[in-house]
Amino acid sequence: MTLREFLSDQLSRIALQLFCVGLAALFLFVTGTQPDVLALLLLALLPVFVTVYAAGFLRQRARLRELEAILNALNRKYLFAECAPPPKGIYERRLFELSRRAGRAMTGAVSDAQASQREYREYVEQWVHEIKAPITAARLICRDLDGETRRKLTAELAQVEAHAERALFYARVGSPEQDCLLRLVKLEKIAAQAIENHRSLLIQSGVRVETQGLDCSVYTDEKWSVFILGQLLQNAARYRGPEPVITLSAKLLGKQTQLVVHDNGIGIPAHELPRVFDRGFTGSNGRNRGGATGMGLYLCKKLASFLDLDLHMVSQEGEGTTVTLTFPAKENLTKL
């Protein structure tokens, strides 16, 4: 708090006091008090007046600084009213009591919201696990169908499974630490699992996948990394060119390892590239080809951030897209 702010806050009180002093001086003058005596009285009152307001300013400023220091030191700042020192004066005591009541109400509302969110997340996770049973049953039924029908239904079932998996990861993205296990994993294992998960889509789309130099290991969560790579493979297959090829390669960057996913698809317009990781953004390609939700890359970015993965994308419209995943060195991981 500055002196100007303090005086501005006290302006009405100062004006009232000056008005009362003026009336008192006028009364004394009318009743015969000599002007010299009035001047001496006013000069005597001036330092008292200044001292009282200066002391009030210093006291309030010190109190605010004390409270601000306590607030800054708290990790959970909503507990400020509970941790603040005893209030001084009846007004401050009542104000703190109101703040405590408001804080308790807010804490209760947040707890209720978190409980509701947790219940919803648990329901989605349970639903995803339950939906896998009929999907598996449908796959078994497809074996008795003729070749073309079986191929089409298998591809559609793969899409249903991919959407269900995306819903599961979206439900978990709010609290990823509950389902994260960072360990040393082979890149070729991650790539093989991601390709296998989306084999039907890749085959149906006529996409050829090439791998180069994936015989290295990285510290990451295998399941999440498979999901991220799977989303990139899905996008590459969906926005493919005439002779689609996806290349997965790895290279060392000091103690870090990079996984480069390159495709020769239709690419992304330059003005849309900064927004591809935004939630719900589909872009012109998504609108033209349909089926895009704008959630895949958003989830990739969120999960990559938690895994300390650097996710970088470059694209040239009409030529293809390159996505680089930079896995951190073990000593740089914050989740271990």
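This short talk describes one predicted model, moving from a strand to the nonpolar cores and then to the surface.

Good morning. Let us begin with strand β7, which covers residues 320-327. Are the residues of this strand buried or exposed? Eight of its eight residues are buried, and the strand is thus described as mostly covered. The side chains are divided between two directions: G320, T322, T324 and T326 point one way, while T321, V323, L325 and F327 point the other way. Residues on both sides are buried.

Which strands pair with β7? One of them is β5, residues 256-263, which pairs with β7 in the antiparallel sense over seven bridges. Within this pairing, T257 has F327 as its bridge partner. Strand β6, residues 310-316, also runs antiparallel to β7, and seven bridges join the two. Here H312 stands opposite T324. Strands β6 and β7 form a hairpin, with three residues between them. In that turn, please note G318, whose phi is positive, at about 85 degrees.

I now turn to the nonpolar cores. The largest has 47 residues, and the members that touch the most other members are L187, L229 and L248. Several elements supply at least two residues each, among them the strands β4, β5, β6 and β7 and the helices α7, α8 and α11. Which element gives the largest share? That is α9, with nine residues.

Consider L248 in more detail. Leaving aside residues up to four places away in sequence, L248 touches, among others, A191, I195, V209, L214, L229, L233, V260 and V261. Its contacts also include E210, T211 and Q212. A second core, separate from the one just described, has five residues, including V124, V128, A164 and A171.

Let us move to the surface. A nonpolar patch of about 650 Å² is made by L16, F19, L23, L26, F29 and V30. Of these residues, F29 lies in helix α2, which spans residues 11-30. Why does F29 count as partly exposed? The reason is that its relative accessibility is 48%, and partly exposed residues lie between the 20% and 50% limits.

My last residue is T282, found in the loop between β5 and α10. T282 also counts as partly exposed, because its relative accessibility is 27%. Along the chain, T282 and E148 are 134 residues apart, and their C-alpha atoms are separated by 31 Å.

Thank you for your attention.

Definitions and conventions:
Residues are numbered from 1 along each chain as its sequence is written. This is a predicted model: local features need pLDDT of at least 70, side-chain atom pairs count only at pLDDT 80 or more; totals for chains, interfaces and linings use all residues. Side-chain values use heavy atoms; hydrogens and water are left out. Buried means under 20% relative accessible area, exposed over 50%, partly exposed in between (1.4 Å probe, protein chains only). Helices (H or I, at least four residues) and strands (E, at least two) are DSSP runs, numbered from the N terminus. Two strands pair if DSSP finds at least two bridges between them. A nonpolar core is a set of buried Ala, Val, Leu, Ile, Met, Phe, Trp, Tyr and Cys residues joined through side-chain atoms within 4.5 Å. Contact means heavy atoms within 4.5 Å. Patches are made of residues with over 30% relative accessible area and no salt bridge: like charges are joined within 9 Å, nonpolar side chains (Val, Leu, Ile, Met, Phe, Trp, Tyr) within 5 Å. Accessible areas come from the Shrake-Rupley method with a 1.4 Å probe; for residues, only the protein chains shown count as cover. A salt bridge is a side-chain nitrogen of Lys or Arg within 4 Å of a carboxyl oxygen of Asp or Glu.
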